[in-house]
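I opened the notebook to record what I looked up, one topic at a time.

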Amino acid sequence: MDALSYLIEAFLHLEVDFLNASRFPVRDARAMSFKHKFGNLVQSVVMSLLFFRWVRDSQSGMWVFRRSILQDMKLESDGMAFSEEIKIEALLNARVRFGEISIQYSSRLGETKLNPWRDGIQNLLFC
């Protein structure tokens with residue numbers, strides 16, 4: 001089963017409105033550097049403390065949600081903070097059932113567009 005099918009199957013089975021795909025625990029040691037793991041942990045802990053809900057991977061860009069929840073969201077970001085913003089909006093809405101599952105994460109092909117320090121600080125300030 002490919003990753004997308006797995007995510008949709010879990011989304012339907014768990015009966016949630018928003019499902020975040022967590023890359024943790026990272027099973028492939030080459031898939032993410034220690035610096036990125038640490039930065040993600042810091043971001044996820046801050047987000048979890050601020051919004052009273054443990055989120056293992058606040059920076060994951062892979063998620064599935066019901067279209068109906070968009071009408072209550074006030075989304076403004078168009079950069080790296082968008083992934084965090086949509087999760088925050090889902091968490092703030094008491095009617096949205098939020099879930100998270102672990103996915104297989106492997107080394108990325110091609111160049112990354114991430115600037116860890118700039119993007120990390122911007123995401124922290126966004127919270």
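In which helix does Leu41 lie? I found Leu41 in helix H2, residues 34–51; helices (H or I, at least four residues) and strands (E, at least two) are DSSP runs numbered from the N terminus. I noted that this is a predicted model, where local features need pLDDT of at least 70, side-chain atom pairs count only at pLDDT 80 or more, and totals for chains, interfaces and linings use all residues. Residues are numbered from 1 along each chain as its sequence is written, and side-chain values use heavy atoms, leaving out hydrogens and water.

Next, exposure. Leu41 counts as partly exposed because its relative accessibility is 46%; buried means under 20% relative accessible area, exposed over 50%, and partly exposed in between (1.4 Å probe, protein chains only).

I then looked up the loop between strand S1 (18–22) and H2, and found Pro25 there. Pro25 is exposed, because its relative accessible area is 52%. The C-alpha atoms of Pro25 and Gln104 are 8.8 Å apart, with these positions 79 residues apart along the chain counted as their separation.

Last, the interior. The largest nonpolar core (buried Ala, Val, Leu, Ile, Met, Phe, Trp, Tyr and Cys joined through side-chain atoms within 4.5 Å) has 13 residues. Phe18, Met47, Ala90, Leu91 and Phe98 have the most contacts inside this core. H2 and helix H3 (82–92) each supply at least two of its residues, and the largest share, four residues, comes from H3. I also listed another core, lying apart, of nine residues, including Ala10, Val16, Ala21 and Ile101.
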